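Here are a few exercises to work through with the model open in your viewer. Try each one yourself before reading the solution.

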Amino acid sequence: QTEGEADTDGDGIPDWWENLYFGGPTNANAGAMAANGVNTIKETFIAGLDPTHPNNQFEMDASMPTSALTWSPAISGRWYSVYWSTNLHHEFVPLATDLPGPQAAYTTDVHTLNPSTFFRIEVKAQP
């Protein structure tokens with residue numbers, strides 16, 4: 001949500017978005033599960049997804065060996081952070097934080113030598 005946007009019900013989702021997908025500024029339940037079964041309604045707003053479409057998900061692609069990471073959707077007013085780990089049981093370490101949208105890519109050569117490298121993208125409405 002951008003500062004100054006109306007949010008009648010105070011759920012962190014602007015009225016214009018609730019009107020677009022739910023027909024009224026107080027009709028969305030921010031904590032309810034979206035149609036994709038993965039995200040909450042508020043998370044779909046933050047990620048720039050259609051909360052009513054069951055196949056609409058935030059996607060990331062990591063192309064080896066250069067680790068050109070790309071993601072979509074990428075929208076203005078959002079900030080993206082890239083994290084990596086060599087093991088899903090360990091904490092993810094930040095590579096880049098608060099990349100402003102609509103940037104939708106990050107490249108790293110350092111973290112590509114190990115074929116078991118894992119990446120994670122975090123999306124925030126405000127840095």
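**Exercise 1: Around Thr44**

Which residues does Thr44 touch, leaving out those up to four places away in sequence? Solution: with contact taken as heavy atoms within 4.5 Å, Thr44 touches Trp17, Ala34, Asn36, Asn39, Leu49 and Pro51. Next, place Thr44: it belongs to helix H2. Helices here are DSSP runs of H or I with at least four residues, strands are E runs of at least two, and both are numbered from the N terminus. Last step: Thr44 has 0% relative accessibility, so it counts as buried. The cut-offs are under 20% relative accessible area for buried, over 50% for exposed and partly exposed in between, using a 1.4 Å probe and protein chains only.

A word on the ground rules: this is a predicted model, where local features need pLDDT of at least 70, side-chain atom pairs count only at pLDDT 80 or more, and totals for chains, interfaces and linings use all residues. Numbering runs from 1 along each chain as its sequence is written, and side-chain values use heavy atoms, with hydrogens and water left out.

**Exercise 2: The core**

Find which members of the largest nonpolar core touch the most other members. Solution: such a core is a set of buried Ala, Val, Leu, Ile, Met, Phe, Trp, Tyr and Cys residues joined through side-chain atoms within 4.5 Å. This one has 20 residues, and Ile13, Ile41, Trp71, Val82, Leu99 and Tyr106 touch the most other members. At least two core residues come from each of H2 (41–47), S2 (68–72), S3 (79–85), S4 (93–100) and S6 (118–124). Now zoom in on Ile41: not counting residues up to four places away in sequence, its contacts include Ile13, Trp17, Phe22 and Pro51.

**Exercise 3: The sheet**

Work out the strand order of the open three-stranded sheet. Solution: pairing needs at least two DSSP bridges between two strands. The order is S4-S3-S6, with antiparallel pairing. S4 and S6 are at the edges with a single partner strand each, so one side of each has no neighbour in the sheet. S3 and S6 pair over seven bridges, and Ser85 sits opposite Phe118 in S6.

**Exercise 4: The salt bridge**

How many salt bridges are there? Solution: look for a side-chain nitrogen of Lys or Arg within 4 Å of a carboxyl oxygen of Asp or Glu. The count is one: Asp98 and Lys124, at 3.1 Å from N to O. Asp98 is in S4 and Lys124 in S6, so the pair ties together parts 26 residues apart in sequence. Asp98 is partly exposed at 30%, and Lys124 is partly exposed at 25%.
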